[in-house]
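The following paragraphs lead the reader through one protein chain, from its salt bridges to its nonpolar core and its overall make-up. The sequence and the structure should be kept in view throughout.

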Amino acid sequence: MLVGLSKAYLYFDVAFVVVIISLLLQGWTLAVAARRLYVALPRADRGPRRVELDLPGQLEQQLVGYPVRAKSLYFRRGLIPSWSKPTLVIRDQHILSPAEAEPIAPGDYIYLLAPPEKAEALDRFFVDMTPSSAPDPHLLGDFVVSGEITLGNLAEIYAIATDTEHAKLTLADYFDVHLDHAPKEGATLELDSIVLVARSIGGGRVNVVGLRLPEDEEKVVPPTRIQAFRRKLADLWSSVAGV
């Protein structure tokens with residue numbers, strides 16, 4: 001318009017309409033499209049308020065304290081790593097032993113002994129749990145299952161041995177208890193004759209688990225074209241997002 005082009009107002013109107021349509025349609029549908037393509041990333045959650053106290057003369061253990069939250073993994077599942085040990089609970093300005101404080105309630109402050117190099121890994125047990133996304137139903141034929149399946153159910157299907165204590169744990173719980181760090185994609189754990197592989201992480205939890213079966217028992221079904229396309233798209237998105 002400044003240089004006096006012919007029909008300059010028409011160019012301006014067309015550009016204005018194109019930009020508005022792009023903002024309304026593409027902007028508002030981006031999140032929906034990402035979820036449908038299984039490339040949406042969970043929102044980063046702020047870590048819990050962790051209190052660390054070094055114990056004089058004791059280099060192998062550190063006292064770590066957390067507020068207990070109603071939606072935390074510790075409160076809802078009662079899970080805690082085997083390398084940590086609850087030592088005291090503060091409730092209403094009173095100091096209690098873990099046994100005296102049972103049951104632990106939201107609002108309590110719990111202090112645990114943990115190795116200094118693993119103390120930060122306790123954070124995921126005291127943040128609010130986010131709902132896990134359902135696994136892609138098209139991938140279930142490739143020995144991929146939901147992280148909410150229990151070890152007992154898995155043992156019945158694949159004839160593997162598991163003790164009664166672990167039978168009620170979900171696969172996500174099994175990763176939380178036995179890993180020394182927050183789970184990451186590709187993390188593996190052995191379960192009798194099979195290997196569990198973390199395929200998808202959401203909210204700091206494993207929500208899709210791959211099963212690596214013994215080679216002489218099962219032959220993995222090759223992925224379909226749709227499955228291969230979805231995986232390539234997810235890998236591309238991960239590389240672009242820097243995950």
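A salt bridge is here a side-chain nitrogen of Lys or Arg within 4 Å of a carboxyl oxygen of Asp or Glu. By this rule, the count comes to 4 salt bridges. The model in which they are found is a predicted one.

One of these pairs is D108 with R91, whose closest N and O atoms are 2.7 Å apart. D108 belongs to the loop between α3 (98–101) and β5 (109–114), while R91 belongs to strand β3 (residues 85–91), so this salt bridge ties together parts that are 17 residues apart in sequence. The two partners may also be considered by their accessibility. D108 has a relative accessibility of 3% and therefore counts as buried, since the limit for that term is under 20%. R91, at 22% relative accessibility, counts as partly exposed.

The next site involves R205. Its side chain meets that of D173 in a salt bridge, with 2.9 Å from N to O. Because R205 lies in strand β9 (residues 205–212) and D173 in helix α6 (residues 171–178), the pair ties together parts that are 32 residues apart in sequence. R205 counts as buried at 8% relative accessibility, and D173 is buried as well, with a relative accessible area of 3%.

R205 also forms a salt bridge with D176, the closest N and O atoms being 2.4 Å apart. D176 lies in helix α6 and R205 in strand β9, so here the parts tied together are 29 residues apart in sequence. Both D176 and R205 are buried. Which residues are linked in a network of salt bridges? The network is made up of E148, D173, D176 and R205.

Helix α6 and strand β9 appear again in the nonpolar core. In soluble globular proteins, nonpolar side chains tend to be buried together. The largest nonpolar core of this model has 38 residues, and among them L154, F175, L191, L196 and V209 touch the most other members. At least two residues of this core are supplied by each of β2 (58–67), α2 (73–77), β5, α4 (151–158), α6, β7 (188–191), β8 (194–202) and β9. The element that gives the most is α6, with 4 residues.

F175 may serve as an example from this core. Neighbours within four places in sequence aside, F175 is in contact with R124, A187, T188, L189, L196, V197, A198, V206 and V209.

Helix α1 deserves a separate look. This helix has 29 residues (residues 8–36), and at 1.5 Å a residue they should span 42 Å; the end C-alpha atoms are 41 Å apart, which agrees. There is nevertheless a kink of about 45° in α1, centred on L30. Just after α1, Y38 takes a positive phi of about 60°.

The description may close with the chain as a whole. Its secondary structure comes to 7 helices and 9 strands. Of the 243 residues in the chain, 34% are buried. Where contacts join residues at least 6 apart in sequence, 61% of them join residues at least 24 apart. The accessible surface of the chain comes to about 16,000 Å², and 59% of this surface belongs to carbon and sulfur atoms.

Conventions:
Residues numbered from 1 in each chain as written. Predicted model: local features only at pLDDT ≥ 70, side-chain atom pairs only at ≥ 80, totals over all residues. Heavy atoms only, no water. Expected span 1.5 Å × (residues − 1). Bend = angle between axes of the 7 residues up to and from the residue. Buried < 20%, exposed > 50% of the residue type's maximum accessible area, 1.4 Å probe, protein only. Core = buried A, V, L, I, M, F, W, Y, C linked by side-chain atoms within 4.5 Å. Contact = heavy atoms within 4.5 Å. Areas by Shrake-Rupley, 256 points an atom, 1.4 Å probe, with all protein chains shown as cover.
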